[in-house]
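Let's walk through this structure together, from its overall layout down to a few individual residues. Keep the viewer open as you read, so that you can follow each stop along the way.

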Amino acid sequence: MENNKKTIVWIIAGVVAAAIVIYFAVSGGLPQAPQGTQTPEGTVAVTGTSPVAPSGEVIAPSGKPADNSSVPGSQTAPQQSAPLAAKEIPPQAVKLSVSASGFSPSSFSVSAGKAVTLSLTGADEQTHVFRFDDPSLNAVAIGIGPGQTRVITFNAPDKAGTYSFHCDVPGHTARGEKGTMTVR
Ligand SMILES: [Cu+2]
């Protein structure tokens, strides 16, 4: 009788241990605090950027899902942050810098439809404006002054493919300030 009870205790302990191992394997590790600030609309990566709803959709100031093809900075557009310190760039951000020698890195990849937080840092004493070439991403724009960093959160296009971007300041694209975002 005693031995049976011990066996049952060990079986239960084994099942609990297995459940814990499976939980961490599935969840990808120890539970982490959400990256960003929680608001009623969703998680904000950096103050001023658009919140990401639990559904994964980026929400515009209008309260509706952000329209990437709208006018940059408008009520229906994904919002860029105010200038912030480089150490405030959220850990999940795709980090780009730009100077007269171009964007670094000049290419990056994102997952189709997923919320992307993109940071842009000016690495010289000039103004730069990140824009995509495709009108469907017209509102996904970041403008920075000399040495500034700003961040934008937007939903990647649902359609896989390569989306080119450039610096919109006259003369800057011609000298090589361009690159590509690959959507997978
Ligand atoms: Cu530029």
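Two strands count as paired here if DSSP finds at least two bridges between them. With that in hand, take S7 and S8: they run antiparallel and are joined by three bridges. One place to look is His-128, whose bridge partner in S8 is Ile-144. Bear in mind throughout that this is a predicted model.

Now step back to the whole chain. Its secondary structure consists of one helix and eleven strands, and reading along the sequence gives the pattern α-β-β-β-β-β-β-β-β-β-β-β. Of the 184 residues, 30% count as buried. As for the contacts with a separation of 6 or more, 61% of them are between residues 24 or more positions apart.

How confident is the predictor? The mean pLDDT of the chain is 89, and 83% of the residues reach 70 or more. Over residues 26-33, however, the pLDDT is below 50, and beyond near neighbours in sequence this stretch has two contacts in the model. Where pLDDT is low, the predicted coordinates should not be read in detail.

Next, the sheets. Strands of a sheet pair through backbone hydrogen bonds, in either a parallel or an antiparallel sense. The pair we began with, S7 and S8, belongs to an open sheet of five strands in the order S5-S11-S10-S7-S8, with mixed pairing. Which strands stand at the edges of this sheet? They are S5 (107-110) and S8; each has a single partner strand, so one side of each is left without a neighbour in the sheet. From one strand to the next, the twist averages 20°.

There is also an open sheet of four strands, ordered S4-S3-S6-S9, and its pairing is mixed too. Here S4 and S9 are the edge strands, each pairing on one side only. The twist in this sheet averages 25° from one strand to the next.

Strand S3 is a good place to see what mixed pairing looks like in this four-stranded sheet. With S4 (residues 102-104), S3 pairs in the antiparallel sense over three bridges, and the two strands form a hairpin with two residues between them. Within that pairing, Ser-97 stands opposite Ser-104 in S4. With S6, by contrast, S3 pairs in the parallel sense over five bridges. You can trace this register through Val-94, whose bridge partner in S6 is Leu-118, and through Val-98, which stands opposite Gly-122 in S6.

Leu-118 brings us to the interior. The largest nonpolar core has 33 residues, and Leu-118, Leu-120, Val-140 and Val-151 are the ones that touch the most other members. Strands S3 (94-99), S6 (115-122), S7 (128-132), S8 (142-144), S9 (149-155) and S10 (161-167) each give two or more residues to this core. Which of them gives the most? That is S6, with four residues. The core thus draws on strands we have already met: S3, S6 and S9 have places in the four-stranded sheet, while S7, S8 and S10 have places in the five-stranded one.

Val-140 deserves a closer look. Setting aside residues up to four places away in sequence, Val-140 touches Asn-68, Pro-78, Phe-132, Ile-152 and Phe-154.

Two further residues make useful stops. Ser-99 lies in strand S3. Is Ser-99 buried or partly exposed? With 17 other C-beta atoms within 10 Å, Ser-99 is partly exposed. Its contacts, not counting residues up to four places away in sequence, are Ala-123 and Asp-124. The C-alpha atoms of Ser-99 and His-128 are separated by 8.0 Å, though the two residues are 29 residues apart along the chain. This is the His-128 whose partner across the bridge is Ile-144 in S8.

The last stop is Gly-113, in the loop between S5 and S6. Gly-113 has 15 C-beta neighbours inside 10 Å and so counts as partly exposed. Leaving aside neighbours within four places in sequence, Gly-113 is in contact with Asn-155, Ala-156 and Asp-158. From C-alpha to C-alpha, Gly-113 and Ala-156 are 4.7 Å apart in space, while 43 residues apart in sequence.

Technical notes. Residues numbered from 1 in each chain as written. Predicted model: local features only at pLDDT ≥ 70, side-chain atom pairs only at ≥ 80, totals over all residues. Core = buried A, V, L, I, M, F, W, Y, C linked by C-beta atoms within 7 Å. Buried ≥ 20, exposed ≤ 12 C-beta atoms within 10 Å, placed from the backbone. Contact = placed C-beta atoms within 7 Å. Axes fitted to C-alpha atoms, helices over the stretch in contact; angles between N-to-C directions. pLDDT = per-residue confidence, 0-100.
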